[in-house]
Amino acid sequence: MELFDKITELKNEIIKEIKEAKNLNELKLAGEKNLSKKSPLNAMMAHIKDLVGEAKANFGQAMNKARNEVTEAYQNRQLELSEAEIKEKLSKEKIDITLPSVSYKMGGINPFYLIQDEIIDIFVSMGYEVKEGPDVETDYFNFERMNIPENHPAREMQDSFYITNSLLLRTHTSPAQAHAMDEKKGEPIKIICPGKCFRRDDDDVTHSHQFGQVEGLVVDKNINFGNLKATLELFLRKMFGEKREVRFRGSYFPFTEPSVEVDISCMECHGKGCPTCKGTGYIEILGAGMVHPNVLKMAGYDPKEYSGFAFGVGIERVAMLRYGIDDIRRIYQGDVRFIEQFTRK
Ligand code: DAH
């Protein structure tokens with residue numbers, strides 16, 4: 001057979017083998033056999049030594065052409081097989097996008113914590129430090145240090161949950177005042193204490209045996225009632241709106257002298273009188289006063305040199321007024337339909 005025909009025949013065989021490779025692996029094997037230096041096609045090069053002149057050049061060209069065709073066939077098949085492989089992978093891994101997704105139910109933030117955070121934010125913006133006190137208090141801190149000695153009638157109003165004769169769940173956050181004064185040892189104080197309180201109350205729409213308060217205390221030289229008034233007016237207007245009237249009424253607390261009850265003008269009727277404010281035009285919102293000299297003295301502060309003001313605000317009460325919540329118990333029940341109405345602004 002003519003040498004050139006042999007080249008063509010061999011080349012055609014190789015191309016056929018390449019085209020018949022069923023996958024990339026088979027193609028790789030065919031490539032290793034036919035594209036390497038030791039391939040049957042390359043072996044034909046041995047014949048070049050028997051040729052001269054034009055025949056030699058023609059032979060070289062024919063060999064080159066054959067090798068190029070083989071390489072091209074290999075590359076084309078490689079492309080075909082890769083594409084086929086991708087297509088098959090895609091069809092196997094098809095995702096059914098019509099399947100309904102898993103839905104997540106987003107809850108809300110309990111209005112108790114929304115309001116507690118808001119109260120904290122307002123006072124922190126005025127330079128107050130946040131201090132927390134223990135839920136379980138000694139009789140000494142809960143009452144004695146708050147100028148409520150044994151047999152004082154104010155104890156009756158806050159009769160509470162005792163753990164031992166001298167340990168109880170705190171009835172108010174006010175003992176945090178005594179803790180802060182003991183800690184600061186005669187230095188100026190500007191703190192708020194948010195926390196839980198407990199009383200032997202019968203639960204109804206406005207009362208709960210557990211509730212939250214935020215206590216505030218400022219002690220320094222030259223603190224006067226004007227400072228108390230300005231601070232609480234600012235706080236209440238930030239919380240209930242700039243248009244609120246703030247009213248201070250004389251009251252009594254054993255740990256403050258003078259003591260006041262602070263009211264805001266009713267947000268429903270703006271002071272005219274309606275069912276929300278029980279016809280009075282005002283809503284009672286917190287208790288406050290100038291720190292009693294005995295409370296200062298017991299903590300080692302000289303009342304001739306130092307004075308201070310304190311206040312205590314009920315968290316649920318503020319939340320109920322702000323959001324128009326009709327029953328305090330809703331705040332504790334964890335009903336998603338109630339909670340999901342509230343989110344942080
Ligand atoms: N401790 C009081 C209560 O639980 C609230 C209170 C009133 C706190 C006047 C104060 C205050 O600091 O000055 O009812």
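**Notes on the ligand shell, the cores and helix α5**

1. Let's start with the ligand. The residues in the shell around the ligand are five nonpolar, eight polar and two charged. Please keep in mind as you read on that this is a predicted model.

2. Which residues come nearest to the ligand? Of the 15 around it, they are His172, Ser174, Arg199, Gln213 and Glu215. Gln213 also makes a polar contact through its side chain, where an N or O atom is 2.9 Å from an oxygen atom of the ligand.

3. The backbone takes part too. A polar backbone atom of Ala310 is 3.2 Å from an oxygen atom of the ligand, and for Phe311 a polar backbone atom is 3.3 Å from a ligand oxygen. On its own, the ligand has 350 Å² of accessible area, and the protein covers 92% of that. Three elements give two or more residues each to the shell: β6 (210-220), β9 (282-291) and β10 (307-314).

4. Now for the nonpolar interior. The largest nonpolar core has 47 residues, and the members that touch the most others are Phe235, Leu236, Val262 and Leu286. Helix α5 gives the most to this core, namely seven residues. There is also a second, separate core of 22 residues, with Phe141, Ala180, Val295 and Tyr301 among its members.

5. Leu286 is a handy residue to click on. Setting aside residues up to four places away in sequence, Leu286 touches Leu232, Phe235, Leu236, Val260, Glu261, Val262, Phe311, Gly312 and Val313. One of these, Phe311, came up above for its backbone contact with the ligand.

6. Helix α5 holds two residues that make a nice contrast. Gln116 is found in this helix; is it buried or exposed? Gln116 counts as buried because its relative accessibility is 13%, which is under the 20% cut-off. Beyond its neighbours within four places in sequence, Gln116 is in contact with Pro194 and Ile315.

7. Ser125 belongs to the same helix, α5, which covers residues 111-125. Why does Ser125 count as exposed? The reason is its relative accessibility of 56%, since exposed means over 50%. A polar atom of the Ser125 side chain lies 2.6 Å from the backbone oxygen of Ile122.

8. One last distance to check on screen: how far apart are the C-alpha atoms of Ser125 and Glu9? They are separated by 92 Å, with the two residues 116 places apart along the chain.

Definitions and conventions. Residues numbered from 1 in each chain as written. Predicted model: local features only at pLDDT ≥ 70, side-chain atom pairs only at ≥ 80, totals over all residues. Heavy atoms only, no water. Near = heavy atom within 4 Å. Polar contact = N/O pair within 3.5 Å; in protein donor to acceptor, adjacent residues only side chain to side chain. Areas by Shrake-Rupley, 256 points an atom, 1.4 Å probe, with all protein chains shown as cover. Helix = DSSP H or I, 4+ residues; strand = E, 2+ residues; numbered from the N terminus. Nonpolar A, V, L, I, M, F, W, Y, C, P; charged D, E, K, R; others polar. Buried < 20%, exposed > 50% of the residue type's maximum accessible area, 1.4 Å probe, protein only. Core = buried A, V, L, I, M, F, W, Y, C linked by side-chain atoms within 4.5 Å. Contact = heavy atoms within 4.5 Å.
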